[in-house]
Amino acid sequence: MDYKKAGVDIEAGYKSVELMKEHIKGTMRKEVLTNIGGFSGAFSMESFKNMEKPTLVSGTDGVGTKLKLAFLLDKHDTIGIDCVAMCVNDIACAGGEPLFFLDYIACGKNEPQKIATIVSGVAEGCKQANAALIGGETAEMPGFYPVDEYDLAGFAVGVVDEKDLITGKDLKANDVIIGIASSGIHSNGYSLVRKVFSMNEEALNTYYESLGKTLGETLLTPTKIYVKALKTLKDAGVKVKACSHITGGGFYENIPRMLPEGIHAVIKKDSYEVPAIFKMMSVDGDIEEKMMYNTYNMGIGMMIAVEPEDVNYAMELIKIAGETPYVVGEITTGDKGVTLV
């Protein structure tokens, strides 16, 4: 008896690392001090020593049951983008610049090419966020996961000068809320998605005119990464007074998280076109409207609040960063919370 006969192939682990190195190389920043394959990743803070009060911000998350679609369609090259996005968008929400990312892949059987494909998506997400992929772990766990399944999670660290933290403390009535378009469902609510739609190859490979692609392609569309848009605003001197990453819990849970006590947000549902996939889900799943807005991003992946006089400039900058903005609401006084009208 040996470890390989017990189900863990150490040689496959070595091969996985070698295959993923090519993808990881493209994420490196000048501050990275170590090579992939060591016991830890080192990152120099020398570049940030001129900040008045350099402050670390962090985020950790996984992909959730969206992974089930990747298994069904045997498509693993974009799911890593979701993992990175869920972490770095939270950092950007605080005004931070993502610096580095680490991933964790647990699988039933280490298939080196599949692992490298997953990591290629992680690396792509890191490139979009300008974060270095400085380490990670691939754990082969036979008997714990089925041989053709895996889990994927990650952890990111960023930095911001304390004075530039986005906290919402200065919000006041008449401030304007700008929503930045999502790419679709992102990586939340897939346990419900999998109840609404048939999870078989025939259903997932069905093309829908309203979606402009197959159902499977739509559902696997990776999460938007908003780091560039937020950085573009910051570099241009636009003050983002509050920011909310619209993830699980939708509008009703996430928008109040950016509000201080005594401040209320009013969102106009007709201020933008809700993507077809959400309309399809609502009809096919017989899901009431409030539940949709309490579960999904409904086409808006990030919301920011700015002064009225900054709205036009902020909208233009967001477009320059490659994203689609909408004026979706405003700030009022009242009980902390959100009203959709």
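Analyst: Let's start with a term: within protein, a polar contact is a pair of N or O atoms within 3.5 Å, where one must be able to donate a hydrogen and the other to accept it. Keep in mind that this is a predicted model.

User: Okay, what makes the link between N89 and K224 a polar contact?

Analyst: The side chain of N89 reaches the backbone oxygen of K224 at 2.9 Å. The cut-off is 3.5 Å, so this pair qualifies.

User: And why is N89 called buried?

Analyst: Its relative accessible area is 0%. Buried means under 20%, so N89 fits the term.

User: Which residues farther off in sequence is N89 in contact with?

Analyst: Beyond four places in sequence, the list includes T223, K224, H245 and M302. H245 belongs to strand 8 (residues 242-245).

User: How do you know that strand 8 is covered on both faces?

Analyst: A242 and S244 on one side are buried, and so are C243 and H245 on the other. As background, side chains in a regular strand alternate between the two faces of the sheet.

User: What makes strand 8 and strand 10 a pair?

Analyst: Pairing takes at least two bridges, and four join these antiparallel strands, so they count as paired. C243, for one, stands opposite I304 in strand 10.

User: Back to N89: how much area is buried between the two domains, and where does N89 come in?

Analyst: About 2300 Å² is buried between domain 1 and domain 2, with carbon and sulfur atoms giving 69% of it. In domain 1, K66, L69 and N89 lose the most area to domain 2, together 25% of what that side buries.

Technical notes. Residues numbered from 1 in each chain as written. Predicted model: local features only at pLDDT ≥ 70, side-chain atom pairs only at ≥ 80, totals over all residues. Heavy atoms only, no water. Buried < 20%, exposed > 50% of the residue type's maximum accessible area, 1.4 Å probe, protein only. Contact = heavy atoms within 4.5 Å. Buried area = accessible area lost by both parts, 1.4 Å probe.
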